[in-house]
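Got a structure open and wondering where its labels come from? Let's take a few of those labels and check each one.

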Amino acid sequence: MTKKTPQPTNPPREKAFLVGVELFQQKTILSLEDSLTELELLSDTSGLDVVGELTQKLDRPHVKTYIGPGKVDELKALVEETQSQVVIFDDELSPRHQRELQLALGKNVRVLDRTALILDIFAQHAHTSEGMLQVELAQYEYYLPRLTGQWTHLERQAGGGGGRAGSTGGVGLRGPGETQLEVDKRAIRKRISQLKKELEKVRAHRMRYRAQRKRSRIPTVALVGYTNAGKSTLLNKITRSDVYVADQLFATLDPTTRRVELPGGYQALFTDTVGFIQKLPTTLVESFHATLEEIAEADLLLHVVDISHPNALNQSEAVQETLDTIEAHHIPVVTALNKVDRLRDPESARDVVKSFSKAVAISALDGTGVKDLLQVIQEELYETYTPIRVRLPYQQGALISLFHEAGQVELVEHGRGGVYMQGRVPGRLLAQFDSWQVPNNHQEPEEPEEEAEL
Ligand SMILES: Nc1nc2c(ncn2[C@@H]2O[C@H](COP(=O)(O)OP(=O)(O)OP(=O)(O)O)[C@@H](O)[C@H]2O)c(=O)[nH]1
Ligand SMILES: [Mg+2]
């Protein structure tokens, strides 16, 4: 891991001590060791120097202190020895765990968890008003149940400014700052509902914008993938633009959309999105709903995988899980196996390519394979026709004519409740028809009488 030299204007980097727990019978995507390596990278991105780590295997978390009392003593000694200012748990701590651990470890050290760290990075990286609203909401949702007297000793250091205190607060303090922490929970709840209302407005605006884009019939491709996989680099390569790229986790928070000319002269809109990570905090998934909706509404997903990463397959599994939670699993996927230039043996990518459907090995940095990738995307969007069977209510007149215009219709049956259509449509339209698909084992056409119930 590369350590950045602190800029003279920045406060000195604080020392952090990591704690990881392996719970028996809990299915995790990364091993404890790999998850801690990732936590170290998160800490580094957030501006902390990791000075040590402690692990424990448990049947279940200790009721009071998450780790056992003996481990707490051990941790306390290690924290003193290494003069750490921050202790970071790899899992989300309940408010009680956090309180008890804080009491046990004393006032000279702050107890944080992975979620607080990710929220902190998001707070540093949010730049648009929407991103900032989303982060602020996530932070309040997270901190509200954790607001107790023990926070008071942090107030001196805490920054303010709507969750974006920059260099004035330490990690985990770039949260709702001192003024916010002092106000009572009722005021925070009020702010939460205000934020939700504002985000609702943003969402309505996005929906109108998306409807407009749909009418323009230019298909959208959402770049998705684990954080740091190279999504922004790829978008830049494809569009020759300069979207922010950094060897940091969560460099991109706000979606950027660019129009791209595909090899055959066809067009597509490519959207860069926020990276995923295993154990993505639920408060974030909820707050970033509007952003994630962009993904769920795309016509095609371009899954960027960092093939040079030792955990490439696990990371891709984590991405799959997040896609499931935001209900995007029905969208066709093309996979870009990125950073092949970093592989010592490029042939080794060949087996991995086989384990993904429609995968192309590329280097977003030097451009290897990018042309082939665009070709596959074009085929997927415009040239590959997939068989579908749908039952469309008559109100969906636009979709009915779209099927006729852009698809290959094999059978049409008019019922009382709608029209049953069977045939093939190009990949770019599959997502639009998804809610109306008739299950495979369904016998069609049916008695017209039954359709009246639709
Ligand atoms: N060697 C090599 N490095 C790459 C390649 N693609 C991206 N990178 C590097 O990987 C790092 C992350 O790239 P980004 O494009 O910011 O990744 P991202 O997926 O947008 O990351 P987030 O926005 O943080 O989710 C940067 O340091 C890039 O220069 C590649 O093909 N080869
Ligand atoms: Mg990015």
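Here are some questions and answers about salt bridges, burial and the ligand in this predicted model.

Q: Why is the contact between Glu74 and Lys71 called a salt bridge?
A: The cut-off is a Lys or Arg side-chain nitrogen within 4 Å of a carboxyl oxygen of Asp or Glu. For Glu74 and Lys71 the N to O distance is 3.6 Å, so the pair qualifies. Both residues lie in helix α2 (residues 69–82), three residues apart, about one turn of the helix.

Q: What makes Glu74 partly exposed or buried?
A: Buried means under 20% relative accessible area, and exposed means over 50%. Glu74 has 37%, so it counts as partly exposed.

Q: And what about its partner, why is Lys71 called buried?
A: Lys71 has a relative accessible area of 18%. The limit for buried is under 20%, so Lys71 gets that label.

Q: How do you know that Asp90 and Arg114 form a salt bridge?
A: Their side chains meet at 2.8 Å, N to O, and the limit is within 4 Å, so the label fits. Asp90 lies in the loop between β3 (86–89) and α3 (95–105), while Arg114 is in helix α4 (residues 114–125), so the pair ties together parts that are 24 residues apart in sequence. Asp90 and Arg114 are both buried. They also belong to a network of salt bridges that links them with Glu38, Asp91 and Lys279.

Q: What makes Asp306 and Lys339 a salt bridge?
A: The closest N and O atoms are 3.3 Å apart, which is within 4 Å, so this pair passes too. Asp306 sits in strand β8 (residues 300–306) and Lys339 in the loop between β9 (333–338) and α12 (349–354), so the pair ties together parts 33 residues apart in sequence. With 6% relative accessibility, Asp306 counts as buried, and Lys339 is buried at 15%. A search of the whole structure finds 17 salt bridges.

Q: How do you know that Gly230 makes a polar contact with ligand 1?
A: A polar contact needs a pair of N or O atoms within 3.5 Å. A polar backbone atom of Gly230 is 2.9 Å from an oxygen atom of ligand 1, so it counts. Ala364 has a polar backbone atom at 2.9 Å from a ligand oxygen as well. Taken alone, ligand 1 exposes 650 Å², and the protein buries 91% of that.

Q: Which residues are closest to ligand 1?
A: Among the 23 residues surrounding it, the closest are Lys231, Thr233, Ala251, Thr252 and Asp341. Helix α8 (residues 231–239) gives the most to this shell, with three residues.

Terms used:
Residues are numbered from 1 along each chain as its sequence is written. Chains are lettered from A and ligands numbered from 1 in the order in which they are written. This is a predicted model: local features need pLDDT of at least 70, side-chain atom pairs count only at pLDDT 80 or more; totals for chains, interfaces and linings use all residues. Side-chain values use heavy atoms; hydrogens and water are left out. Helices (H or I, at least four residues) and strands (E, at least two) are DSSP runs, numbered from the N terminus. Buried means under 20% relative accessible area, exposed over 50%, partly exposed in between (1.4 Å probe, protein chains only). A residue is near a molecule or strand if one of its heavy atoms lies within 4 Å of it. A polar contact is a pair of N or O atoms within 3.5 Å; within protein, one must be able to donate a hydrogen and the other to accept it, and residues adjacent in sequence count only if both atoms are side-chain atoms. Accessible areas come from the Shrake-Rupley method with a 1.4 Å probe; for residues, only the protein chains shown count as cover.
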